[in-house]
Structures are given as structure tokens and as C-alpha cells.
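Please work through the exercises below with the sequence and the structure open beside you, and try each task before you read its solution.

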Amino acid sequence: MSHEDFPTENPAVVTCGLPYPTGDLHVGHLRTYVNGDAFSRGLRKLGQDTALVSGTDMHGTPIAVQALEEGVSPLELGLERHEQYAETFPDFNIEFDNYGHTDEETNVELTKEFVRAWEENDHVYEKEIQVAYDPDADQWLPDRYVEGTCPYCGEHARGDECDDGCQRHLEPGEIENPTSAITGNDAEYRERAHKFLRLSDFQEYLEGFINRMEGTNNAKNQPREWIEGGLEDFCITRDLDWGIDYPGEGGDDLVLYVWVDAPIEYVASTKQYSERVGTDEFDWAEPWRDGDGEIVHVIGRDIIQHHTVFWPSMLKGAGYNEPRAVCATGFVNLNGKALSTSKNRAIWAREYLDEGFHPDLFRYYIATASGFERDVNFSWERFQETVNSELADVVGNFAYRALLFAERNFDGTPDVALSDDVETEIASAMDDYEDALNDYDLRSAGEVAVGLARYGNEYIQSAEPWKLDDDEAAPVIRDCVQLTKAVAVLLQPFTPEKADDLWSQLGEDGSAADATIADCLQEPPAEFDEPEALFEKIEDERVAELNEKLEASIEEASSDEDESESVDVEDLTEERISFDDFQELDLRVGRIESAEGVEGADKLVKLTVDIGVETRQIVAGLKQLHDTDDLEGQTVVVVANLEQAELFGVESNGMVLAAGEQADLLTTHGDAEPGTKIK
Ligand SMILES: Nc1ncnc2c1ncn2[C@@H]1O[C@H](COP(=O)(O)OP(=O)(O)OP(=O)(O)O)[C@@H](O)[C@H]1O
Ligand SMILES: [Zn+2]
């Protein structure tokens, strides 16, 4: 890597943080991919050879947990979503040169090579640690199988990440008050041998690296605290069936932690690209290993630690090159809260497309709505304003006026010289654009492109070529066609398809993707056809409609959040029962006399229920859903003739009826006395 300004002689690889396949993609996820795609297209514009790679992150516990719930294999579930993502990206004009997944052989083999290299270089050791264990389910609780309290900030945390609080990575054994996500019971900590990557080996290296690393300020500054505070070693194995088997000594029943094989997919994906296109020009895998190359990671701001602490150590420990830059995008929020798949608070990628909006509108909006690292509050009004006032009124309007005048009066570009003023204006825009990309500042690069169209609009407005004869108008229109061409080139990384439309309106051959910024000053074709409007404005009524939909879905999401999960209505049972069958159920009105928790079973509660003729002891799964004090005195419906059972050593003699996951208790609404038969 050179640390020289882009473009350098080296190949560059831009990577995007891997999407994790637990749900559909939302516009928050897309921010990383749009920015990564726009940045790599921007580098190409500067003349840098660039590959854009990513892949789906298939392993780890969240997908294993979800697959278990859905009764499918993690691989099946992961592959289904992987294919869906691979299809969605091109719909947003996000064009990866290679998009793989972490369970492919290339990545599995490469990951094993990394681990073996760390072992050979003596960076791995084994240590007995405390790992959460669910004694009832008789299994280890890696990562998301355990929940509890973050030891750093006291917030509720899930497994390996404090995602509601300080966002720190949590090592196994760190979570306090662990409970099992499988049974809801208290978990215990048991001793277990695991493998560690000795991060302290890289302390000095990382201190130097963080000073060299380029990218956004959040990525350059946040890790300092972690690095300077001394590095905790990184547990690289898990007790799980789903993942890449530990390849080294004595780890037969362990798999690698998902954060080991996930970033290695950046290298694997680049390798696949290289194998596919051949090594005629150069070996794309080289930037990682041998030759010089520029590695740029584009990620969400929640995974800075992984990319600036763990990942450079992993690379270094296996003899790989280090990243040149880490660019961490801010989050996309709705009403100040981050979009989230599990909380169902989102504008889905598919939903946006189904509204009939062109993908380039979203791309431009999200890449320029705010600085790279700042959070953005998604708003349809801001989206409308950006599209209408920047893309339609400035870019579209200018290009249409310029090209229409040119076509009507000159059949294309007037045959006169470009003025010095406009040449200077375009040249200085090219410089600013190059500087912006070298600062990893997409927003400014977008502003340069639109700024040139704004300049053009003012120019044509004040020169008033419609009041001039053709000879006088020719130099003005010549300038304006050149400005239009420059705008098409500079805007292409943001709006690739729209730029291509403009490119062909200009009578240019091929694609605006192949143009570099030097083409901003190349003469436009002498002839072209009548232009068409590039951008349509978005009407206010449309925004009102979209806002209504959005409010409804936010409301739904927050009520889902209150209930902690959404209601899944089951299909009706097709088979009918006879009235006689129904009469066999002896349903009675009951009144709860007392309620207390069952020791060792978090969700169970022991009830004594007066059912008129007698008092019954019944064990019910209500405890986490109802305060035991609130239960006393409640009127309930009891299945009195259910066979007796023993639950956690406590006898249960009947059943209390309740609806759904939240155990909404059935009751009567008049004054039916205990013992009254229900029919
Ligand atoms: N609202 C968001 N804005 C920007 N980036 C996001 C947003 N949500 C997720 N990402 C990025 O996508 C990556 C994968 O996210 P993840 O699968 O955790 O999605 P999620 O929607 O946050 O899901 P969940 O809320 O269920 O954890 C994250 O590491 C993050 O960088
Ligand atoms: Zn925390």
C-alpha cells in the first residue's frame, strides 16, 4: 500500500461489510453497499483499477438460532437469503465484481490457512474459560444463545455484542446474570477450553497501524481507546455445530467464531474474482498478500472494533498486508432510532422499489444526505427535497435546457471552442472531486457534480442564448454541452443508470461507467438527438401517502416492540371435532387463590385454584408474563379433567387457559362463581 493519493499504480480492492442473513435488507443496510459501490466507482473515475467485493456472512449463532426456530438447516436458510441479497444489490445498481459467501470452499480453506498460520507463528493458545451453559437444555450457550447484562455499561446485552448499550464486543464469559435464550432459565458458567488469538502480540503493531490508517474519523479515533487501554485476547472458537471446524491441534469439537471467517471472506471473494477474470492484468489477490495494493473497507459504524483491532491483527498474524482505509458509515434512523430487522422497524429495500422509485434516487439521497459517518434520519420529505431540488431542478433541468437548445439549433454540439472560463471551472471541479474522494468524502464529491450543473444553470440563465442569434449563442451552448458531459461523468458513481441515460442523450458511445474524470474535458459528439427529461419530480401527495404508510409501520413496530415479538397467527386446524368430543372437556370457572414461582424453572408458576368443588394445584407457564402478586384473585378458565402431570417435580392437576405467547389469561365477564361449568 502506498498512502499516495488516489489514483495510484496499484490495484485497489474496496470491500463492503458482509450482510448477515437473518432477514430482508432494509435501507439502513443499503447505506454501506451504496457508499461502497459509489466509492469504488469514484476511484475508477480517477483512473484507479478497482474491484468491489463482498459476500454473505453465513455462520454464527443468530442464523443457527433462527434456523432452529424455523425447522430448517442454517445452510438452507442462509443460502436462501444469500440469493435474495445477490439479486437485490443489482436492483440498486450495486455491482460487486464478486459476491460470494463464507460457507464456500474458497473461504473455508482460506480461513483454515489463516488459523494454521497463526498457530505456526505462535499467536494462538488454549485457555480454560467460563462459558455459559444451560443445564436443562444440556448445552453450551455461545453468543446469542445467552443474554444478560453488559459488564461495561449495565445495559441488556445479547451474547457477543452490547447492541442496546455501549456496542462493545463481548468475550465469552463476560456477560453478567446470564440467562439461556433457549429455555429462558438462568444459565450457569462452566469451565471449557477454548482457543485464543493473542492480541497482545500485536499491541505495538496496532499502535502504529492506527496512525497510518486512513478513512473516516470515527474509524481512526474510536479504536485508540481500545488499543491504548491494552488488548484483551480474542477468543476464536465456539461450541456450536454451525461454522468452520477448528483446523488446528486439539479443537476437534469446536468451530471458529463467526468473526474469524467473516472478514476473511473479503480475501476469499477477491481471490474468486481473480480466478474468474484471470491474472492477465494483475492478480487481484495480490494486494492482500504480496504486491502493493490499496485495501479499503466500507462498513457500518457498529463494527469499527472488528475492522480496526481484530482484523488488522488477523492479517498481520498470517503475513498479509494491512488495510489502507476503514470508512464507517453512520446509521439510518427512523424517528431517531436505528432501523432494525429484528425490531421490524424498517423501510425495506424491496418496499422502496415497489413504490416505483428509481434506485439512483435513493443512491444519491443516501450517499449525500449527510457526512459519511453521520447518522441520517430517513425522511420522505428530505428524499423528495433532494430529488426535486437537486436532481430534477438542477441537474435534470440544466441538462435538458442545454441539450434541447443544442439539438434544435445545432443538431448537437456547436462547432466552436470551449471558453477558458468554463474550462477552468470544470478543471477545478475535477480537482475538488479528486480531493473529496481522497478524503473519503462522498457527500462533497456529489456536491461537486451537482455544483457544476448549478453553475451551468446560472450561466445559461444569465447568457440568455434564446435572445441571441446562432453565432452568438454557439459558444454559450458549446460550454453548456461540455458542462453537461462533465456532470454525467462526475455524477455517475452516484446515479450510474441516469448517467448512462445522459451519456446516450449526448450521443456518446458505450457507458458513462467507462469514462474517467479526464473525459469531463473531452469534446462531446457533434450530433445527438432531442433529449428527454432525466428526473421526474416527486409530488407532495405522494409524500403524504408514503408518510401515512410509514407511520402505520412505525406504530406496528413499536407495538411489536412492546409485546417484544410480532403475533404469528397460525393456520386453522382443518379437521373438525364432534360436539361429543367437545363435551368431553370439563371446563370450569376457577379463581386463583395463590401463586408462587417454581424453583429452577424461570417461566413456571405454581397456582392454587378454587374450582368450586375443590381446590387444585396447577403449574402454568405464566411467570415471566404475569407478576405473581397480580395473579391472586383472578378469575380463570380451567381444564379440570386434564390428566395429572409433574413439572419440575411439582404436581400439576389441570390447566389454566391463556392466549398466545404473552399468556393472555382467559376469564369470564359476568359473576359466574368458581366451579361453574363452561359450555
Ligand atoms: N439502521 C442501520 N443503518 C446503517 N447500517 C445498518 C443499520 N442496521 C444495520 N446496519 C449494518 O448492517 C450490518 C448487519 O446488520 P444486522 O444484521 O445486525 O441488521 P439489523 O437490521 O441491525 O438487525 P438486528 O436489528 O436484527 O440486529 C450491521 O453490522 C450494520 O453495519
Ligand atoms: Zn455495554
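Two exercises with worked solutions follow, on a sheet and on a ligand shell.

This is a predicted model, in which local features need pLDDT of at least 70 and side-chain atom pairs count only at pLDDT 80 or more, while totals for chains, interfaces and linings use all residues. Residues are numbered from 1 along each chain as its sequence is written, and chains are lettered from A and ligands numbered from 1 in the order in which they are written.

**Exercise 1.** Find the order of the strands in the open sheet of 6 strands, and say which strands stand at its edges.

*Solution.* Begin with strand 1 (residues 12–16) and strand 2 (residues 50–56), which pair in the parallel sense over 4 bridges; strands are DSSP runs of E with at least two residues, and helices are runs of H or I with at least four, numbered from the N terminus, and two strands pair if DSSP finds at least two bridges between them. Here Ala12 has Thr50 of strand 2 as its bridge partner. Continuing outwards gives the order 3-2-1-14-15-10, with parallel pairing. Strand 3 (98–101) and strand 10 (214–215) each have a single partner strand, so one side of each is left without a neighbour in the sheet.

**Exercise 2.** Describe the shell around ligand 1, and name the helix that gives the most to the shell.

*Solution.* First, 20 residues surround ligand 1 (C-beta atom, placed from the backbone, within 6 Å), and Gly28, Gly300, Ser340, Thr341 and Ser342 are the closest. Next, helix 1 (residues 27–45) gives the most, with 4 residues.
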